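Visitor: I would like a close look at one part of this model, the place where its helices pack and pair. Please take me through that part and then on to what surrounds it.

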Amino acid sequence: MQKTKRETLNRQQFNNALKRKAVLDISTKPAKLIHTEIRTSNLLPLTLSGVTLIKRNIRKVRNSIHPRLPKRSFDTHNALNNMEILTNTGKPLTIINDIH
């Protein structure tokens with residue numbers, strides 16, 4: 001079945017709006033974001049594949065926010081040296097970073 005351009009544009013607009021909301025409210029599940037957006041907007045019904053694409057895009061945009069995990073121990077030690085870790089009272093936390 002050939003999708004119409006209007007359906008595709010509606011899904012893309014819906015997708016972009018949800019991606020922005022997913023970044024701002026990172027703790028809300030994608031399904032809840034989709035349901036609340038459907039309730040508040042005048043949107044034509046989405047297909048199952050459309051919902052799957054939107055959920056995947058929400059996951060991708062949320063994962064792009066977080067820094068990647070270091071692959072080598074050298075990178076981990078550099079990250080520890082560059083971080084400024086404070087205690088709950090605001091004082092610097094002493095970390096002994098044993099590189100060797």
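Guide: What follows starts with a helix pair, then moves along the chain. Keep in mind that this is a predicted model.

Start with helix α1, residues 5–24, and helix α2, residues 30–40. Two packed helices are described by the angle between their axes and the distance between the axes. Here the axes come within 10 Å. They cross at roughly 125°. An angle over 145 degrees would count as roughly antiparallel, and 65 to 115 as roughly perpendicular. The α1 and α2 pair fits neither range, so the two helices are oblique to each other. As for the hand, α1 passes α2 in a right-handed crossing.

Now look at the side chains that join these two helices. Lys 21 and Glu 37 meet in a salt bridge, at 2.4 Å from N to O. The pair links distant parts of the chain: Lys 21 belongs to helix α1 and Glu 37 to helix α2, with their positions 16 residues apart. Are the two partners buried or exposed? Lys 21 has 37% relative accessibility, so this residue counts as partly exposed. Glu 37 has a relative accessible area of 10%. The cut-off for buried is under 20%, so Glu 37 is buried. The bridge thus has a partly exposed lysine and a buried glutamate.

Stay on α1 for one more residue. Glu 7 is also found in this helix. Its relative accessibility is 43%, and therefore Glu 7 counts as partly exposed. Take Arg 39 as a reference point. Glu 7 and Arg 39 are 32 residues apart in sequence. In space, their C-alpha atoms are 18 Å apart.

Next, follow α2 to its other neighbour. Helix α3 covers residues 48–65. The axes of α2 and α3 come within 10 Å. Their crossing angle is roughly 120°. That value also falls outside the antiparallel and perpendicular ranges, so α2 and α3 are oblique to each other. This crossing is right-handed too, with α2 passing α3.

Thr 52 gives a marker on α3. At 47% relative accessibility, Thr 52 counts as partly exposed, because exposed requires over 50%. Thr 52 and Asn 42 are 10 residues apart in sequence. From C-alpha to C-alpha, they are 20 Å apart.

Move on to helix α4, residues 73–82. How many salt bridges does the model hold? The count comes to 2. Besides the Lys 21 and Glu 37 pair, Arg 72 forms a salt bridge with Asp 75. The closest N and O atoms of that pair are 3.0 Å apart. Asp 75 lies in helix α4. With a relative accessible area of 26%, Asp 75 is partly exposed. Compare its position with Leu 48. Asp 75 and Leu 48 are 27 residues apart along the chain. Their C-alpha atoms are separated by 42 Å.

Finish with the surface. Leu 80 lies in α4 as well. Its relative accessible area is 32%, so Leu 80 is partly exposed. Membership of a patch needs over 30%, so Leu 80 can take part. Leu 80, Met 83, Leu 93 and Ile 95 form a nonpolar patch on the surface. Together they have about 340 Å² of accessible area.

Key:
Residues are numbered from 1 along each chain as its sequence is written. This is a predicted model: local features need pLDDT of at least 70, side-chain atom pairs count only at pLDDT 80 or more; totals for chains, interfaces and linings use all residues. Side-chain values use heavy atoms; hydrogens and water are left out. Patches are made of residues with over 30% relative accessible area and no salt bridge: like charges are joined within 9 Å, nonpolar side chains (Val, Leu, Ile, Met, Phe, Trp, Tyr) within 5 Å. Accessible areas come from the Shrake-Rupley method with a 1.4 Å probe; for residues, only the protein chains shown count as cover. A salt bridge is a side-chain nitrogen of Lys or Arg within 4 Å of a carboxyl oxygen of Asp or Glu. Helices (H or I, at least four residues) and strands (E, at least two) are DSSP runs, numbered from the N terminus. Buried means under 20% relative accessible area, exposed over 50%, partly exposed in between (1.4 Å probe, protein chains only). Axes are lines fitted to C-alpha atoms, for helices over the stretch in contact, and angles run from 0 to 180 degrees between N-to-C directions. Angles under 35 degrees count as roughly parallel, over 145 as roughly antiparallel, 65 to 115 as roughly perpendicular and the rest as oblique. A crossing is left-handed if the near helix is turned anticlockwise from the far one by less than a right angle, and right-handed if clockwise.
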